[in-house]
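Colleague: Before I set up any calculations on this protein, I would like to go through its architecture with you, from the overall dimensions down to single residues.

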Amino acid sequence: MAGRHFLDLSDAGPDAIAAMLANAIDRKAARSGWPKARPDADQPLAGHVLGMVFEKNSTRTRVSFDMAMRQLGGAALVLDASSSQLGRGESIADTARVLSRMVDAIMLRTDDHAKLEEMAHHADVPVINGLTDLSHPCQIVADLLTLIEHGKPLPGLEVAWFGDGNNVLNSILEAAALMKFNVRIATPQGYDPDARFVEMARAAGASVVHTRDAAQAAEGADVLVTDTWVSMGQEHTHNKLAAMAPYQVNEALMARARPDALFLHCLPAHVGEEVSEGVFESPRSVVFDEAENRLHAQKSVLLWCFGKL
């Protein structure tokens, strides 16, 4: 295979992630004031095309990867399950083998992580995780970039998570293991994080505290993070919303964190559910910097996958 898969953060490792972050900072700065579609000066992916396969809806992932390829000098094309043969029962394996002959890399956004692994197993080109139910590594590279930009060195950082123990939290825990920061987790009973990711972070020396008490998790934290309580494809259940209600990131919770603490959310947000409007719209909320950084982070992920970083 020409290039490298990026199925999870551990595929790259700490040195490569650090290189991605440094590259993203440099490329973003070099583009200041430019039109969005103007290619970077070096156009490192000129002549390359990314095939983007979507089995789940997307705004940030779709636009950021498309614009990332344009800015790197390449191109991107979109396949939705509903409008491709995937939606008619063609296997992941056959799709991987066909796309490998027509594109230079594949980005898959899907539900079951096993589908991503099967795509990577059968593809002859790099495969990138655009989101699965298990993890969301591209989002976390953007999150780390945002924290660094806002003056938060990663080693020793205290990151607090509130709400559902989902795929984004799993990738935060994986990042904690690799980049040496700590995680406090506040979730209701029945919505705990994946124990494998908790164990991975702890084994690497990160402090991971899991509590049912949101206030305890927020105390002295550098960063407060949450996500939608009902993810794509899940039913909007009143029972889940009721269980999550004590974990809303609001002004009272932010007051327990450090005075310079930041608020992160991968978006889209349900303001009034997992986060109050006051926090979401406050100066401590950097969610739109975070959203923009999906583009800059994805460019560096792509360069790493193509062996150019």
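## Fold, sheets and core

Modeller: The protein chain exposes about 12600 Å², of which carbon and sulfur atoms supply 51%. Please keep in mind throughout that this is a predicted model.

Colleague: What radius of gyration does the protein chain have, set against that of a compact globule?

Modeller: The C-alpha trace spans about 55 × 45 × 35 Å along its principal axes, and buried residues make up 56% of the 309 residues. For a compact globule with 309 residues one would expect a radius of gyration near 19 Å, and the protein chain agrees with this, since its value is 19 Å.

Colleague: Among contacts with a separation of 6 or more, what share comes from residues 24 or more positions apart?

Modeller: The secondary structure of the protein chain comes to 12 helices and nine strands. Of the contacts with a separation of 6 or more, the share between residues at least 24 positions apart is 74%.

Colleague: Which strands stand at the edges of the sheet of four strands?

Modeller: This open sheet has parallel pairing and the order S2-S1-S3-S4. Strand S2 (75-80) and strand S4 (127-131) each have a single partner strand, so one side of each is left without a neighbour in the sheet, and the edge strands are therefore S2 and S4.

Colleague: In S3, which residue is the bridge partner of Val53?

Modeller: Strand S1 (residues 49-54) and strand S3 (residues 105-109) pair in the parallel sense over five bridges. Within S3, the bridge partner of Val53 is Leu108.

Colleague: Which strands stand at the edges of the sheet of five strands?

Modeller: The order in this open sheet is S7-S6-S5-S8-S9, again with parallel pairing. A single partner strand is available to strand S7 (208-211) and likewise to strand S9 (262-265), so one side of each lacks a neighbour in the sheet, which identifies the edge strands as S7 and S9.

Colleague: What angle does the direction of helix H6 make with that of S6?

Modeller: Neighbouring strands of the sheet of five strands are turned by 20° against each other on average, direction ignored. Helix H6 (residues 167-179) packs on this sheet and touches strand S5 (158-162), strand S6 (182-186), S7 and S8, while the angle between its direction and that of S6 is about 155°.

Colleague: From which element does the largest share of the largest nonpolar core come?

Modeller: This core holds 63 residues, and those touching the most other members are Phe6, Ile128, Leu144, Ile172, Leu173, Phe181 and Leu302. The largest share of the core, nine residues, comes from H6.

Colleague: How many residues are in the other core, which lies apart from it?

Modeller: Its members include Phe162, Ala221, Ala257 and Leu267, and the number of residues in this other core is 20.

Colleague: Is His113 buried or exposed?

Modeller: His113 is found in helix H4 (residues 113-122). Not counting residues up to four places away in sequence, His113 touches Leu7, Asp8, Asn129, Thr132, Leu134 and Ser135. The relative accessible area of His113 is 8%, and because the cut-off for burial is under 20%, His113 counts as buried.

Colleague: What distance separates the C-alpha atoms of His113 and Leu50?

Modeller: These two residues are 63 residues apart along the chain, and the separation of their C-alpha atoms is 20 Å.

Methods: Residues numbered from 1 in each chain as written. Predicted model: local features only at pLDDT ≥ 70, side-chain atom pairs only at ≥ 80, totals over all residues. Heavy atoms only, no water. Pairing = 2+ DSSP bridges. Helix = DSSP H or I, 4+ residues; strand = E, 2+ residues; numbered from the N terminus. Axes fitted to C-alpha atoms, helices over the stretch in contact; angles between N-to-C directions. Contact = heavy atoms within 4.5 Å. Core = buried A, V, L, I, M, F, W, Y, C linked by side-chain atoms within 4.5 Å. Buried < 20%, exposed > 50% of the residue type's maximum accessible area, 1.4 Å probe, protein only. Rg over C-alpha atoms; globule rule 2.2 N^0.38 Å. Areas by Shrake-Rupley, 256 points an atom, 1.4 Å probe, with all protein chains shown as cover.
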